[in-house]
Amino acid sequence: MTLTRYIVPKSLNEAMDLLFHNQASAVVLAGGQTLVQEIKKGIINPKVLIDIQNLEELKYIQQVDNELIIGAGVTHSEIANSLLIKEVFPSLSKAAKLIADTQIRNKATMGGTLAYGDSFGDYWGLLYATDASIKVKTLSGERIVPVTQWLSGRYKVYLNLSELVTGVKIPIPSTSTFHKVPLFHVENMNFTIIENSANETKIAICGINDKPLLITLFGNEVSLYETFTEKIESFRNNNENLKSEEYDYRFHLAKVVCFQMLKGEDPFE
Ligand SMILES: Cc1cc2nc3c(=O)[nH]c(=O)nc-3n(C[C@H](O)[C@H](O)[C@H](O)COP(=O)(O)OP(=O)(O)OC[C@H]3O[C@@H](n4cnc5c(N)ncnc54)[C@H](O)[C@@H]3O)c2cc1C
């Protein structure tokens, strides 16, 4: 198939209409940071490109009650610089700031990230640990999909050809910490810890499985780490594909970093 049409819809409804009428041959262009590479390399060969990057309807950051709602068209730079996000969910600003480089952050979007579904990316642990939900526009209305159902594996998301991601709803946690560990020549890892109540701690680790590993702990500080170690070791023992030397390193790193984070310390200081 050769790319023959590039269309810039003026509204979300027009974009939906275009998708519906060109389903098998069309793709949506958001920030274009991964899509354009895939087209250049021939990994995908769309006939129609529907450019949604300037749709104002997808560019919003709002707080509604205890939820942060971010439109699909918001870029990583806008997330990193949003005063609202800095105030209510600083770990999300930190994660956005650590993505790739300025050029990519200025173009790549929340919607593109959710649709692309690279579960080793920097938002997924935060989305898992907060029980976020993805907003999807369908032909008949809207679907709200819990993030754990959205992602079924790396690059595998619950999105049909005629649907558009419109945003994400994130319950605002009472406290959160996020750390990214850049690794040379291999995939990075990132770690999120969320506390929702005095007794519940959620730890999400990206970079050891095709979906973020989510561990929920109840209890006091001393027993937390022991329970965490037991759970992470049991997860590894039950997954034959995680037994190589590279995973020895990744699991060791996870234990060391999370131990420091659970103590409230910065593992890199
Ligand atoms: C060199 C490089 C380094 C990167 N480093 C990091 C990193 O360190 N951390 C990290 O988290 N991420 C990283 N990313 C990924 C990046 O953050 C984005 O997730 C990615 O570029 C997709 O976002 P986009 O807006 O560019 O989407 P596009 O490239 O435009 O689209 C990606 C896919 O999603 C589809 N799509 C886009 N928007 C929608 C929508 N609203 N509804 C339905 N489908 C849609 C497109 O059709 C396409 O299939 C990197 C990407 C690159 C190219």
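How far is an oxygen atom of the ligand from a polar backbone atom of Ala-100? The separation is 3.2 Å. This value, like the others below, comes from a predicted model. The account starts with the ligand and then turns to the two sheets.

The ligand sits in the largest pocket. Its surroundings comprise 27 residues, and the closest of these are Val-28, Gly-32, His-76, Thr-109 and Asp-122. Besides the pair that involves Ala-100, two further pairs of atoms can be located in the model. One is made by the backbone of Gly-31, where an N or O atom lies 2.9 Å from an oxygen atom of the ligand. The other comes from a side chain: a polar atom of Lys-180 is placed 3.1 Å from an oxygen atom of the ligand. As for cover, the ligand on its own has 980 Å² of accessible area, and the protein covers 81% of that area.

Which elements build this shell? At least two residues each come from β2, from α7 (110-116) and from β10 (164-171). The helix α7 gives the most, with 5 residues. The strands β2 and β10 lead on to the sheets, since β2 appears in one of them and β10 in the other.

Strands of a sheet pair through backbone hydrogen bonds, and the pairing is either parallel or antiparallel. The sheet that holds β2 is open and has 3 strands, in the order β1-β3-β2, with parallel pairing. Its edges are β1 (5-7) and β2 (26-29); each has a single partner strand, so one side of each is left without a neighbour in the sheet. From one strand to the next, the twist averages 20 degrees. Between β1 and β3 (residues 48-51), the parallel pairing runs over 3 bridges. Within this sheet, Tyr-6 stands opposite Leu-49 of β3.

The sheet that holds β10 is also open, but its pairing is antiparallel, and its 5 strands follow the order β4-β5-β10-β6-β7. Here the edge positions belong to β4 (61-64) and β7 (141-146); because each has a single partner strand, one side of each lacks a neighbour in the sheet. Neighbouring strands are turned against each other by 25 degrees on average, with direction ignored. The edge strand β4 pairs with β5 (residues 67-71) in the antiparallel sense over 4 bridges. To find one of the bridges, look at Gln-63, whose partner in β5 is Leu-68.

Methods. Residues numbered from 1 in each chain as written. Predicted model: local features only at pLDDT ≥ 70, side-chain atom pairs only at ≥ 80, totals over all residues. Heavy atoms only, no water. Pairing = 2+ DSSP bridges. Axes fitted to C-alpha atoms, helices over the stretch in contact; angles between N-to-C directions. Near = heavy atom within 4 Å. Polar contact = N/O pair within 3.5 Å; in protein donor to acceptor, adjacent residues only side chain to side chain. Areas by Shrake-Rupley, 256 points an atom, 1.4 Å probe, with all protein chains shown as cover. 1 Å grid on protein atoms, 1.4 Å probe; cavity = no way out; pocket = protein on both sides within 12 Å on 5 of 7 lines; lining within 4 Å. Sits in = over half its atoms within 2 Å of the grid points.
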